[in-house]
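Colleague: I have the sequence and the model open. Can we go through the charged and nonpolar surface features together?

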Amino acid sequence: MASAFSRCFRWIFSRQTAPSSCVSAQNHRAIPSPWFAAVMALRTSAPLRSAGPKRKKKISTQVLALRRQRMQKRLRKMQKIATEFIPIEDFIAPVKILDERARPESKLSFEQSEERALLLKEWSNYKKAQHRAEKEMIKNALEAQREALEELKIESQELYLEALKPDLTLFPFTHQGPAHTPPKPTHDGPDGKYNDITLVYTQ
């Protein structure tokens, strides 16, 4: 179709320019017009038939409300599902260790169980008496110390004040403070070299 249109266009231009394009000479030869070369160079391209950009469809408010309702229903279903916690390997004992260290249950006779119960009662009574004796001894020592200080206060105020001072030689303890500067509170000390074998779980 393009070639036919080009030929038709050239024929029309050649007919219009024919009287003025030819100059008679002695040999009566016709000289073509300069328009003829322009018409010969004329070309047409194939139609692209391209469509313009599509217009966006307007969504009604009812459709938007239905979409929101669907999203809310999905969110409710997700909230009802219980969250799955990631297991901590440190708190789970391997099955191999449980099988190897399992001990058979020993069944005690009636006499042995009664004997153990009596021993437990005797031991609890002994510790109870021991605790009461220690409390009574501490109470008597504090009461004697208080009476002695009151008598010393009456005798001499200077000796009373000296007696109230703590005895540093009772518990020998020596301590040397920091030689340079105190540690920085924001300093994160290294943990040393170790191989991180922590398992990472993803949901």
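Modeller: Let us start with the linked charges. Glu143, Arg146 and Glu150 are joined in a network of salt bridges. Keep in mind that this is a predicted model.

Colleague: Which residue does Arg146 pair with at 2.4 Å?
Modeller: Look within helix α6, residues 110–155. The partner lies three residues from Arg146, about one turn of the helix. The closest N and O atoms are 2.4 Å apart, and the residue is Glu143.

Colleague: How far apart are the closest N and O atoms of Arg146 and Glu150?
Modeller: Both residues lie in helix α6, four residues apart. That is about one turn of the helix. Arg146 and Glu150 form a salt bridge, and the closest N and O atoms are apart by 2.8 Å.

Colleague: Is Arg146 buried, partly exposed or exposed?
Modeller: Its relative accessible area is 40%. Buried would need under 20%, and exposed over 50%. Therefore Arg146 is partly exposed.

Colleague: What is the relative accessible area of Glu150?
Modeller: Glu143 is partly exposed, at 34%. Glu150 is also partly exposed, with a relative accessible area of 43%.

Colleague: How many salt bridges does the count come to?
Modeller: Arg146 forms one with Glu143. Arg146 forms another with Glu150. The side chains of Lys165 and Glu162 also meet in a salt bridge, at 3.3 Å from N to O. The count comes to three.

Colleague: Why does Lys165 count as exposed?
Modeller: The cut-off for exposed is over 50% relative accessible area. Its partner Glu162 is partly exposed, at 49%. Lys165 counts as exposed because its relative accessibility is 52%.

Colleague: Now the positive patch. Which helix holds Lys73?
Modeller: Lys73 is one of the residues that form a positive surface patch. The others are Arg67, Arg70, Arg74, Arg76, Lys77 and Lys80. Lys73 lies in the helix that spans residues 61–80, which is α4.

Colleague: Is Lys73 buried or exposed?
Modeller: Exposed needs over 50% relative accessible area. Lys73 has a relative accessibility of 54%, so Lys73 counts as exposed.

Colleague: Which residues make the nonpolar surface patch of about 220 Å²?
Modeller: One member lies in the loop between α3 (35–40) and α4. That residue is Ile59, partly exposed at 44% relative accessible area. The patch is made by Ile59, Val63 and Leu64.

Colleague: Zoom out. How many helices and strands does the protein have?
Modeller: Read the elements from the N terminus on. They run α-α-α-α-α-α-α. The protein has zero strands, and its helices number seven.

Colleague: What percentage of the residues is buried?
Modeller: A buried residue has under 20% relative accessible area. The protein has 203 residues, and the buried ones make up 3%.

Colleague: What share of the accessible surface belongs to carbon and sulfur atoms?
Modeller: Take the accessible surface of the protein, which comes to about 21800 Å². The share that belongs to carbon and sulfur atoms is 59%.

Colleague: Last one, on contacts. What percentage joins residues at least 24 apart?
Modeller: Consider contacts between residues at least 6 apart in sequence. Among these, the part that joins residues at least 24 apart is 42%.

Key: Residues numbered from 1 in each chain as written. Predicted model: local features only at pLDDT ≥ 70, side-chain atom pairs only at ≥ 80, totals over all residues. Heavy atoms only, no water. Patch = residues over 30% accessible without salt bridge, like charges linked within 9 Å, V, L, I, M, F, W, Y side chains within 5 Å. Areas by Shrake-Rupley, 256 points an atom, 1.4 Å probe, with all protein chains shown as cover. Salt bridge = Lys/Arg side-chain N within 4 Å of Asp/Glu carboxyl O. Lys, Arg positive; Asp, Glu negative; His and termini not counted. Charge placed at Lys NZ, Arg CZ, Asp CG, Glu CD. Helix = DSSP H or I, 4+ residues; strand = E, 2+ residues; numbered from the N terminus. Buried < 20%, exposed > 50% of the residue type's maximum accessible area, 1.4 Å probe, protein only. Contact = heavy atoms within 4.5 Å.
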